[in-house]
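This report covers one protein chain and its charged pairs, surface and core. Please view the sequence and the model together with the text.

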Amino acid sequence: MTAPSTFGLIGLSSEARNLHWLLTNLVEEVPGILSVAVVSSDGLLLLSSDDHRNQQAREALQARGTKKTGPRGSAADLATIVSGIGSLTVGAAKLMDFGGVRHTMVAMDEGSLFVMSISDGSLLGVHGSADCDMSVVAYHMALFVGRAGHVLTPELRSELRKSLEDSQTTGSAR
C-alpha cells in the first residue's frame with residue numbers, strides 16, 4: 001500500500017508539512033490501518049490518508065475474501081463518523097461528570113475504529129482492519145497526538161482546511 005500523497009504540499013508551512021509527514025509515518029508504520037482522518041472541533045476534515053490508499057485497502061480486503069470493506073466513500077465519510085463519535089462521547093462525559101474524553105475504541109467483528117483527542121477539540125480517527133493489533137494502533141495514535149497536539153494551532157487548522165479545499169477543487173477540475 002502507498003502512503004498519503006504529497007501532492008499539494010508545496011507552498012505549505014513547515015508545520016503543515018510536518019503534520020503530513022507524521023500522518024504518513026502513522027499510515028506506513030502500523031499494519032492494518034485502512035484510513036486515517038484528522039478532524040477539527042467543528043467536524044471539518046483537516047488531513048487524511050488519501051482516497052487512492054483507501055481504495056487499495058478495500059481491494060486488498062476483498063482479495064482476501066473479507067466481506068466488509070469499511071467506509072464506502074472518501075475520507076470525508078470517516079471524518080463524519082469520527083466527529084459524531086467525538087461529539088457523542090464528549091456529551092456522555094459531561095453527563096457523567098468524569099472529565100474530558102481522551103480516546104474511544106470501537107471493536108467490530110470485521111474491523112476497528114479508534115478516535116483520540118488531539119487538542120482544542122480536534123480528533124484523530126483511524127479505521128483499522130479486523131487483524132490489526134489494537135494496542136499497536138492505539139500506541140502509534142498516542143505518539144501522533146503527542147507530536148501533533150502542540151502544533152495544531154488555529155492558524156494551522158485554517159491552513160490545512162484551505163489546502164484540502166484547494167486540492168479538492170484542483171482534483172475535480174481535472
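At 10% relative accessibility, Arg-157 counts as buried; buried means under 20% relative accessible area, exposed over 50%, and partly exposed in between, with a 1.4 Å probe and protein chains only. The model is predicted: local features need pLDDT of at least 70, side-chain atom pairs count only at pLDDT 80 or more, and totals for chains, interfaces and linings use all residues. Residues are numbered from 1 along each chain as its sequence is written, and side-chain values use heavy atoms, with hydrogens and water left out.

Arg-157 takes part in a salt bridge with Asp-120. The term stands for a side-chain nitrogen of Lys or Arg within 4 Å of a carboxyl oxygen of Asp or Glu. Asp-120 sits in the loop between strand 4 and strand 5 (123-129) and Arg-157 in helix 5, so the pair ties together parts that are 37 residues apart in sequence. Asp-120 is exposed.

A search of the whole structure gives two salt bridges. The other joins the side chains of Asp-42 and Arg-161. Asp-42 is in the loop between strand 1 (33-39) and strand 2 (45-48), while Arg-161 is in helix 5 (residues 154-173), 119 residues away.

| Acidic residue, relative accessible area | Basic residue, relative accessible area | N to O distance |
|---|---|---|
| Asp-42, 49% | Arg-161, 23% | 3.5 Å |
| Asp-120, 56% | Arg-157, 10% | 3.8 Å |

The chain has five helices and five strands, in the order α-β-β-α-α-β-β-β-α-α. These elements are DSSP runs numbered from the N terminus: helices are H or I with at least four residues, strands E with at least two. Of the 174 residues, 43% are buried. Among contacts with a separation of 6 or more, 61% are between residues 24 or more positions apart; contact means heavy atoms within 4.5 Å.

One buried residue is Ser-112, at 4% relative accessible area. Ser-112 belongs to strand 4 (residues 111-117). Leaving aside residues up to four places away in sequence, the residues that Ser-112 touches include Val-106, Val-126, His-127 and Cys-132.

On the outside, the chain exposes about 9,500 Å², of which carbon and sulfur atoms supply 55%. Areas come from the Shrake-Rupley method with a 1.4 Å probe; for residues, only the protein chains shown count as cover. Leu-95, Met-96 and Phe-98 make up a nonpolar surface patch with about 440 Å² of accessible area together. Such a patch joins nonpolar side chains (Val, Leu, Ile, Met, Phe, Trp, Tyr) within 5 Å, from residues with over 30% relative accessible area and no salt bridge; like charges are joined within 9 Å. Leu-95 lies in helix 3 (residues 75-96) and is exposed at 77%.
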